[in-house]
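Reader: I've got a structure open and I'd like to understand its hollows and how its helices pack. Can we go through it piece by piece?

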Amino acid sequence: MATGRARRAERPGLDGFPTDLAGARKGDVRALTDRFGVDFLRLQFTDILGINKNVEVPPSQFDKALDGELMFDGSSIEGFVRIEESDMLLRPDLATFRVLPYEEQGARIARLLCDIHNPDGTPFDGCPRNTLKRQMARAKALGFEMMAGCEAEFFLFEKTADGAPTTITHDYASYFDLGPVDKGEEIRREIVDVLELMGFEVEAAHHEVAPGQHEIDFRYADALTTADHLTTFKMLVRQVANRHGFVASFMPKPIQDVHGSGMHTHQSLFSGPGVNAFGDPEAEFGLSATALHYIEGLLQHARGFCAITNPLINSYKRLVPGFEAPVNVTWSARNRSPLVRIPDRRGLGTRCELRQPDPAANPYLALTVQMAAGLDGIEQKLPCREPVNRNIFRMSYRDRRKYRIDELPRDLHEAIEFLEKDDVVKAALGEHITERFIEAKEKEIEAYNAYVSPWEIERYLGRY
């Protein structure tokens with residue numbers, strides 16, 4: 001076997017890397033590690049809070065890793081297991097094998113996304129990826145496959161001289177601005193190049209509304225592929241920004257009094273190849289009964305899954321009136337500001353857009369709870385409420401009651417209370433994730449409540 005130095009001298013570029021590894025076997029992946037001179041294999045997964053984690057192994061451990069025999073200490077991962085039951089297995093999804101299109105300290109690294117299993121080989125209940133797979137199996141049993149596309153916005157911030165992050169934006173551009181006002185063009189182009197080398201089909205990249213805010217859109221796919229793409233996207237955006245000397249942040253509301261970052265989620269159900277179950281050209285709005293039931297399911301459970309799609313204390317500083325973020329539980333085929341919007345495209349492109357989620361959410365769990373809510377609407381044949389095409393903020397209380405307009409939770413504490421009462425959402429997450437997630441968030445709320453903020457000092461110190 002060639003040494004690391006020899007592999008680096010001999011290895012080719014990535015132009016010939018396969019674009020589709022569906023159905024790949026261990027031998028196929030092993031051949032690719034040799035062909036492209038891979039020095040390290042990164043086994044990647046997320047914890048319950050959506051933070052990317054990894055275990056990296058050298059070539060001597062490639063076979064063991066690809067066989068799913070590599071163990072790690074799950075007790076050190078947020079929300080996984082207690083210390084007395086700590087050993088967990090990393091089972092790689094071989095179809096997710098990709099060679100990273102940049103080197104780190106001269107080493108070529110490949111990554112595999114993994115599911116977490118118990119030592120006896122059974123799927124671990126606390127694995128977010130396994131959780132999404134279970135919900136996809138439920139949809140399949142009903143004759144559907146969820147297709148999803150997410151628009152994850154992010155900010156680019158400057159660093160201090162010692163490398164610490166700031167909230168100083170690198171430009172003062174706004175929606176769709178060009179350079180030189182938009183100073184992020186070069187970074188966005190490099191991110192797009194890196195994403196395409198990783199197999200993404202990027203559809204658009206542009207400056208967003210707030211200074212220093214950006215969006216890169218990639219093509220929709222099945223729910224699992226979309227969640228995998230989001231975890232990879234966040235990792236690559238941060239790494240490219242760091243190489244340019246900036247910090248990329250997916251924090252929902254990093255700057256007061258400007259627009260926050262959302263993760264609008266477009267979704268539809270397909271009942272077969274090329275058959276969008278949401279479309280009905282003869283029906284009002286071009287939406288089938290299935291689509292309307294699904295939309296009502298989203299609306300009825302929006303408050304119950306809000307803690308999952310908007311998981312930070314900071315998330316609720318985005319969900320306030322005046323900054324285009326939704327605060328009212330409504331839907332519309334015309335209005336662009338409700339919780340659920342229906343984009344204009346029909347036929348295969350018929351879909352609904354949930355504007356509630358933010359990019360701090362664990363993508364696997366966020367898609368799990370949205371799918372569960374929509375499928376509950378279908379199973380229960382929930383009659384869809386009337387769409388709201390008026391300015392909600394100017395409505396009387398009586399009109400708001402007529403349209404059954406509820407409000408999203410005002411803070412994370414209230415969102416947790418709604419989650420605890422929503423049996424559909426809790427069943428989709430499973431007992432383990434529900435309990436560990438709530439436990440982690442209650443600790444976060446407790447720490448926040450005990451913190452004396454600069455706002456309090458400024459407002460109260462000299463007055464009382």
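Reader: How do the residues of the lining of the second largest pocket divide into nonpolar, polar and charged?

Author: Keep in mind that this is a predicted model. The second largest pocket holds about 530 Å³ of space. Of the 24 residues that line it, the closest to its centre are Thr19, Arg98, Gly199, Thr225 and His229. The lining divides into 10 nonpolar, six polar and eight charged.

Reader: Which element gives the most to the lining of the second largest pocket?

Author: Strand 6 (109-117) and helix 6 (223-243) each supply at least two residues there. With five residues, the one that gives the most is helix 6.

Reader: Helix 6 also meets helix 4, right? How do helix 4 and helix 6 lie to each other, roughly parallel or roughly antiparallel?

Author: Two packed helices are described by the angle between their axes and the distance between the axes. For helix 4 (residues 128-141) and helix 6, the axes come within 10 Å and cross at roughly 160°. Angles over 145 degrees count as roughly antiparallel, so helix 4 and helix 6 are roughly antiparallel.

Reader: Which residues in helix 6 meet helix 4, and how does that contact divide?

Author: On the helix 4 side you'll find Arg129, Leu132, Lys133 and Met136. Their partners in helix 6 are Ala223, Leu224, Ala227 and Asp228. The residues of this contact divide into five nonpolar, no polar and three charged.

Reader: Back to the hollows. What lines the largest cavity, and how do those residues divide?

Author: The count comes to one cavity of 30 Å³ or more, and about 70 Å³ of space lies in the largest cavity. Its lining is made of Gln44, Phe45, Thr46, Asn52, Leu113, Cys114, Ile116, Cys127, Pro128, Arg129, Thr231 and Tyr364. Strand 1 (40-46), strand 6 and helix 4 are the elements that give two or more residues to that lining. By type, the lining residues are seven nonpolar, four polar and one charged.

Reader: What about the largest pocket: which strand supplies the largest share of its lining?

Author: That pocket has a volume of about 990 Å³. Among its 42 lining residues, Glu151, Glu215, Asp217, His266 and Glu353 are the closest to its centre. Strand 7 (145-159), strand 9 (202-207), strand 10 (213-218) and strand 13 (263-272) each supply at least two lining residues. The largest share, six residues, comes from strand 7.

Reader: And how many residues of the lining of the largest pocket are charged?

Author: Let's take the lining of the largest pocket by type. It has 13 nonpolar and 14 polar residues, and the charged ones number 15.

Reader: Last pair of helices! Why do helix 7 and helix 8 count as oblique to each other?

Author: The axes of helix 7 (residues 289-309) and helix 8 (residues 363-379) come within 6 Å. Angles over 145 degrees count as roughly antiparallel and 65 to 115 as roughly perpendicular, with oblique for what fits none of the named ranges. Helix 7 and helix 8 are therefore oblique, as they cross at roughly 140°.

Reader: Is the crossing of helix 7 and helix 8 left-handed or right-handed, and how do the contact residues divide?

Author: This crossing is right-handed. Helix 7 brings residues including His293, Tyr294 and Phe305, while helix 8 brings residues including Val369, Met371 and Asp376. The contact residues divide into 11 nonpolar, eight polar and one charged.

Technical notes: Residues are numbered from 1 along each chain as its sequence is written. This is a predicted model: local features need pLDDT of at least 70, side-chain atom pairs count only at pLDDT 80 or more; totals for chains, interfaces and linings use all residues. Side-chain values use heavy atoms; hydrogens and water are left out. Axes are lines fitted to C-alpha atoms, for helices over the stretch in contact, and angles run from 0 to 180 degrees between N-to-C directions. Helices (H or I, at least four residues) and strands (E, at least two) are DSSP runs, numbered from the N terminus. Angles under 35 degrees count as roughly parallel, over 145 as roughly antiparallel, 65 to 115 as roughly perpendicular and the rest as oblique. A crossing is left-handed if the near helix is turned anticlockwise from the far one by less than a right angle, and right-handed if clockwise. Contact means heavy atoms within 4.5 Å. Ala, Val, Leu, Ile, Met, Phe, Trp, Tyr, Cys and Pro count as nonpolar, Asp, Glu, Lys and Arg as charged, and the others, Gly among them, as polar. On a 1 Å grid over the protein atoms alone, a cavity is a set of points where a 1.4 Å probe fits but cannot get out, and a pocket is an open set with protein on both sides within 12 Å along at least five of seven lines; lining residues have an atom within 4 Å of a point. Grid points are joined across faces, edges and corners, and a volume is the space filled by probe spheres set on the points.
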